[in-house]
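Trainee: I would like to learn how to read the strands, cores and contacts of a model, one feature after another. Could we go through this one together?

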Amino acid sequence: MNEYELIDILRNEDSTIKVDLLDDDKKKQILLYEMKRASEPVPFINKGMEEAFEYDEAVVVITDNRSDKPVRHTEDNNTFTLRTEDGSIIGELIYDEEELEELHNDPTVYFLSENFVTYNNAFMSGQKQFFVMEAEKSSFITDKDLDSTVEKLVVAVPSTETDHYIKDCYGMSHDDAIGTVIIGFNPLRDE
(Lines give C-alpha, C1' and ligand atoms only; values in the text may rest on other atoms or scores of the structure.)
Protein backbone atom coordinates (compact mmCIF):
# COMPACT_ATOMS: atom_id res chain seq x y z
CA MET A 1 0.00 0.00 0.00
CA ASN A 2 1.07 3.57 -0.61
CA GLU A 3 -0.29 7.06 -0.02
CA TYR A 4 -2.02 7.05 -3.40
CA GLU A 5 -4.23 4.05 -2.64
CA LEU A 6 -6.50 6.43 -0.75
CA ILE A 7 -6.77 8.61 -3.87
CA ASP A 8 -7.44 5.59 -6.11
CA ILE A 9 -10.27 4.43 -3.84
CA LEU A 10 -11.82 7.91 -3.82
CA ARG A 11 -11.55 8.26 -7.60
CA ASN A 12 -13.39 4.95 -8.05
CA GLU A 13 -16.41 6.03 -5.99
CA ASP A 14 -19.51 6.36 -8.22
CA SER A 15 -20.27 9.90 -7.09
CA THR A 16 -16.71 11.26 -7.42
CA ILE A 17 -16.17 14.07 -9.91
CA LYS A 18 -12.60 15.06 -9.00
CA VAL A 19 -9.85 14.08 -6.55
CA ASP A 20 -6.70 16.18 -6.40
CA LEU A 21 -3.73 16.55 -4.06
CA LEU A 22 -3.61 20.14 -2.85
CA ASP A 23 -0.49 22.20 -3.32
CA ASP A 24 0.69 24.71 -0.71
CA ASP A 25 -0.86 27.67 -2.56
CA LYS A 26 -4.36 26.14 -2.58
CA LYS A 27 -4.00 25.13 1.08
CA LYS A 28 -3.06 28.71 1.96
CA GLN A 29 -6.01 30.15 0.03
CA ILE A 30 -8.44 27.71 1.63
CA LEU A 31 -7.21 28.62 5.11
CA LEU A 32 -7.52 32.34 4.30
CA TYR A 33 -11.15 31.84 3.27
CA GLU A 34 -11.85 29.91 6.46
CA MET A 35 -10.07 32.51 8.63
CA LYS A 36 -12.30 35.29 7.18
CA ARG A 37 -15.29 33.51 8.69
CA ALA A 38 -13.83 33.91 12.18
CA SER A 39 -14.42 37.68 12.03
CA GLU A 40 -18.17 37.45 11.30
CA PRO A 41 -20.71 38.72 13.89
CA VAL A 42 -21.19 35.09 14.95
CA PRO A 43 -17.76 33.65 14.15
CA PHE A 44 -17.48 30.39 12.22
CA ILE A 45 -14.51 28.30 13.35
CA ASN A 46 -13.63 25.37 11.11
CA LYS A 47 -11.60 23.18 13.46
CA GLY A 48 -11.81 20.30 11.00
CA MET A 49 -10.05 22.31 8.29
CA GLU A 50 -7.35 23.48 10.70
CA GLU A 51 -6.78 19.87 11.74
CA ALA A 52 -6.73 18.57 8.13
CA PHE A 53 -3.92 20.94 7.21
CA GLU A 54 -1.79 19.80 10.14
CA TYR A 55 -1.31 16.48 8.31
CA ASP A 56 1.46 15.84 5.76
CA GLU A 57 -0.87 15.76 2.74
CA ALA A 58 -4.30 17.10 1.84
CA VAL A 59 -6.58 16.07 -0.96
CA VAL A 60 -9.75 17.73 -2.21
CA VAL A 61 -12.67 15.49 -3.14
CA ILE A 62 -15.52 16.85 -5.28
CA THR A 63 -18.64 14.71 -5.48
CA ASP A 64 -22.02 14.71 -7.17
CA ASN A 65 -24.49 14.31 -4.32
CA ARG A 66 -27.50 13.77 -6.60
CA SER A 67 -26.99 9.99 -6.65
CA ASP A 68 -29.43 7.50 -5.20
CA LYS A 69 -27.01 6.75 -2.38
CA PRO A 70 -28.16 7.92 1.05
CA VAL A 71 -26.43 10.98 2.45
CA ARG A 72 -23.98 9.97 5.16
CA HIS A 73 -23.92 11.74 8.48
CA THR A 74 -21.89 11.22 11.58
CA GLU A 75 -24.37 10.01 14.17
CA ASP A 76 -22.09 9.42 17.15
CA ASN A 77 -21.03 13.02 17.67
CA ASN A 78 -22.33 16.32 16.43
CA THR A 79 -19.72 17.97 14.25
CA PHE A 80 -21.52 21.28 13.50
CA THR A 81 -22.65 23.21 16.55
CA LEU A 82 -23.42 26.67 17.89
CA ARG A 83 -21.58 27.18 21.17
CA THR A 84 -21.03 29.80 23.80
CA GLU A 85 -17.56 30.88 24.86
CA ASP A 86 -17.72 28.52 27.85
CA GLY A 87 -18.26 25.60 25.44
CA SER A 88 -21.99 25.04 26.04
CA ILE A 89 -23.83 23.77 22.97
CA ILE A 90 -26.82 25.99 22.23
CA GLY A 91 -27.48 24.75 18.69
CA GLU A 92 -26.72 21.72 16.55
CA LEU A 93 -27.51 19.73 13.43
CA ILE A 94 -30.06 16.97 14.01
CA TYR A 95 -30.45 14.10 11.51
CA ASP A 96 -32.77 11.74 13.37
CA GLU A 97 -36.27 12.20 11.87
CA GLU A 98 -38.08 11.26 15.09
CA GLU A 99 -36.02 13.69 17.13
CA LEU A 100 -36.65 16.45 14.58
CA GLU A 101 -40.40 15.81 14.78
CA GLU A 102 -40.32 16.06 18.57
CA LEU A 103 -38.27 19.27 18.41
CA HIS A 104 -40.79 20.88 16.04
CA ASN A 105 -43.29 20.66 18.89
CA ASP A 106 -40.93 22.13 21.50
CA PRO A 107 -41.52 25.88 22.04
CA THR A 108 -37.97 26.34 23.40
CA VAL A 109 -36.42 25.21 20.10
CA TYR A 110 -35.89 27.46 17.08
CA PHE A 111 -35.00 26.05 13.64
CA LEU A 112 -32.31 27.99 11.74
CA SER A 113 -32.64 25.55 8.83
CA GLU A 114 -34.38 22.28 8.07
CA ASN A 115 -32.24 20.39 10.57
CA PHE A 116 -30.19 22.96 12.52
CA VAL A 117 -31.84 23.80 15.83
CA THR A 118 -31.06 26.27 18.58
CA TYR A 119 -32.13 25.78 22.16
CA ASN A 120 -33.52 29.03 23.56
CA ASN A 121 -33.34 27.77 27.14
CA ALA A 122 -29.61 26.99 26.75
CA PHE A 123 -28.54 30.52 25.75
CA MET A 124 -26.19 32.18 28.23
CA SER A 125 -26.80 35.92 28.33
CA GLY A 126 -23.73 38.03 27.63
CA GLN A 127 -21.60 35.19 26.26
CA LYS A 128 -20.20 35.26 22.73
CA GLN A 129 -21.49 32.64 20.34
CA PHE A 130 -19.48 30.65 17.78
CA PHE A 131 -20.39 28.22 15.02
CA VAL A 132 -17.91 25.35 15.24
CA MET A 133 -17.29 22.75 12.53
CA GLU A 134 -15.38 19.72 13.78
CA ALA A 135 -13.61 17.13 11.65
CA GLU A 136 -15.53 14.16 10.28
CA LYS A 137 -14.54 10.50 10.01
CA SER A 138 -13.97 8.79 6.66
CA SER A 139 -17.41 7.15 6.95
CA PHE A 140 -18.85 10.61 6.26
CA ILE A 141 -17.86 10.28 2.59
CA THR A 142 -17.50 6.55 1.87
CA ASP A 143 -18.15 3.10 3.22
CA LYS A 144 -14.74 1.97 1.87
CA ASP A 145 -11.87 1.41 4.30
CA LEU A 146 -9.78 4.54 3.74
CA ASP A 147 -8.24 4.47 7.20
CA SER A 148 -6.14 1.35 6.53
CA THR A 149 -4.53 2.98 3.46
CA VAL A 150 -2.85 5.76 5.46
CA GLU A 151 -1.29 6.27 8.86
CA LYS A 152 -3.99 8.72 9.91
CA LEU A 153 -6.66 10.88 8.27
CA VAL A 154 -9.37 13.42 8.94
CA VAL A 155 -12.20 14.75 6.77
CA ALA A 156 -12.99 18.48 6.78
CA VAL A 157 -16.09 20.15 5.39
CA PRO A 158 -15.44 23.60 3.89
CA SER A 159 -17.63 26.60 4.66
CA THR A 160 -19.70 28.03 1.79
CA GLU A 161 -17.15 30.60 0.56
CA THR A 162 -14.37 28.02 0.65
CA ASP A 163 -16.58 25.53 -1.18
CA HIS A 164 -17.12 28.16 -3.91
CA TYR A 165 -13.38 28.88 -4.13
CA ILE A 166 -12.62 25.15 -4.56
CA LYS A 167 -15.29 24.77 -7.25
CA ASP A 168 -13.92 27.86 -9.07
CA CYS A 169 -10.42 26.31 -9.04
CA TYR A 170 -11.76 23.29 -10.92
CA GLY A 171 -14.21 25.13 -13.19
CA MET A 172 -17.34 23.76 -11.49
CA SER A 173 -20.66 25.46 -10.80
CA HIS A 174 -21.66 26.47 -7.28
CA ASP A 175 -24.54 23.97 -7.42
CA ASP A 176 -25.41 22.74 -3.90
CA ALA A 177 -25.64 19.18 -5.25
CA ILE A 178 -21.89 19.25 -5.90
CA GLY A 179 -20.10 18.66 -2.61
CA THR A 180 -16.53 19.34 -1.56
CA VAL A 181 -14.46 17.93 1.28
CA ILE A 182 -10.80 18.07 2.23
CA ILE A 183 -9.05 14.98 3.55
CA GLY A 184 -5.87 15.58 5.51
CA PHE A 185 -3.72 12.49 5.90
CA ASN A 186 -0.33 11.12 6.82
CA PRO A 187 0.89 8.44 4.38
CA LEU A 188 1.90 5.03 5.65
CA ARG A 189 5.59 5.04 6.55
CA ASP A 190 7.95 2.36 5.26
CA GLU A 191 9.28 0.40 8.19
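Trainee: Let me begin with a bridge: which residue does V154 stand opposite in strand 10?

Mentor: Strands here, numbered from the N terminus, are DSSP runs of E with at least two residues, while helices are runs of H or I with at least four, and two strands pair if DSSP finds at least two bridges between them. In this case V154 stands opposite G184 of strand 10. Before we go on, please keep in mind that this is a predicted model, in which local features need pLDDT of at least 70 and side-chain atom pairs count only at pLDDT 80 or more, whereas totals for chains, interfaces and linings use all residues. Residues are numbered from 1 along each chain as its sequence is written, and side-chain values use heavy atoms, with hydrogens and water left out.

Trainee: In what sense do strand 9 and strand 10 pair, and over how many bridges?

Mentor: Strand 9 (residues 150-156) pairs with strand 10 in the antiparallel sense, over six bridges, and among the partners V150 is matched with P187. Strand 3 (residues 57-64) also runs antiparallel to strand 10, joined to it by eight bridges, and there E57 stands opposite F185.

Trainee: What is the strand order of the open sheet to which these strands belong?

Mentor: Four strands form that open sheet in the order 1-3-10-9, with antiparallel pairing. Strand 1 and strand 9 stand at the edges with a single partner strand each, so one side of each is left without a neighbour in the sheet. Neighbouring strands of this sheet are turned by 20° against each other on average, direction ignored; such angles run from 0 to 180 degrees between N-to-C directions, and the axes are lines fitted to C-alpha atoms, for helices over the stretch in contact. Helix 1 packs on the sheet and touches strand 1, strand 3, strand 9 and strand 10, its direction making about 165° with that of strand 1, where contact means heavy atoms within 4.5 Å.

Trainee: Why is strand 10 described as largely enclosed by the rest of the structure?

Mentor: The general idea is that in a regular strand the side chains alternate between the two faces of the sheet. Burial is then judged by relative accessible area: buried means under 20%, exposed over 50%, and partly exposed in between, with a 1.4 Å probe and protein chains only. In strand 10 (residues 178-187), 10 of the 10 residues are buried, so the strand is largely enclosed by the rest of the structure. Both of its faces are covered, with I178, T180, I182, G184 and N186 buried on one side and G179, V181, I183, F185 and P187 buried on the other.

Trainee: Which residues of the largest nonpolar core touch the most other members?

Mentor: A nonpolar core is a set of buried Ala, Val, Leu, Ile, Met, Phe, Trp, Tyr and Cys residues joined through side-chain atoms within 4.5 Å. The largest one has 24 residues, of which L6, L10, I141, L153 and I183 touch the most other members. Helix 1 (4-11), strand 3, strand 4, strand 5 (89-93), strand 8, strand 9 and strand 10 each supply at least two residues of this core. Apart from it lies another core, of 18 residues, among them M49, A135, M172 and I182. Over the chain as a whole, 45% of the 191 residues count as buried.

Trainee: What is the order of the six strands that form an open sheet?

Mentor: The order is 2-8-4-5-7-6, and the pairing is mixed. Strand 2 (44-46) and strand 6 (109-111) stand at the edges, each with a single partner strand, so one side of each is left without a neighbour in the sheet. Strand 2 pairs with strand 8 (residues 129-133) in the parallel sense over three bridges, and N46 has M133 as its bridge partner in strand 8. Helix 4 (residues 97-104) lies across strand 6 and strand 7 (116-119), running at about 110° to strand 6.

Trainee: Finally, is D23 buried or partly exposed, and what lies 2.8 Å from a polar atom of its side chain?

Mentor: D23 is found in the loop between strand 1 (16-21) and helix 2 (24-36), and at 39% relative accessibility D23 counts as partly exposed. The backbone nitrogen of K26 lies 2.8 Å from a polar atom of the D23 side chain.

How values were computed:
A polar contact is a pair of N or O atoms within 3.5 Å; within protein, one must be able to donate a hydrogen and the other to accept it, and residues adjacent in sequence count only if both atoms are side-chain atoms.
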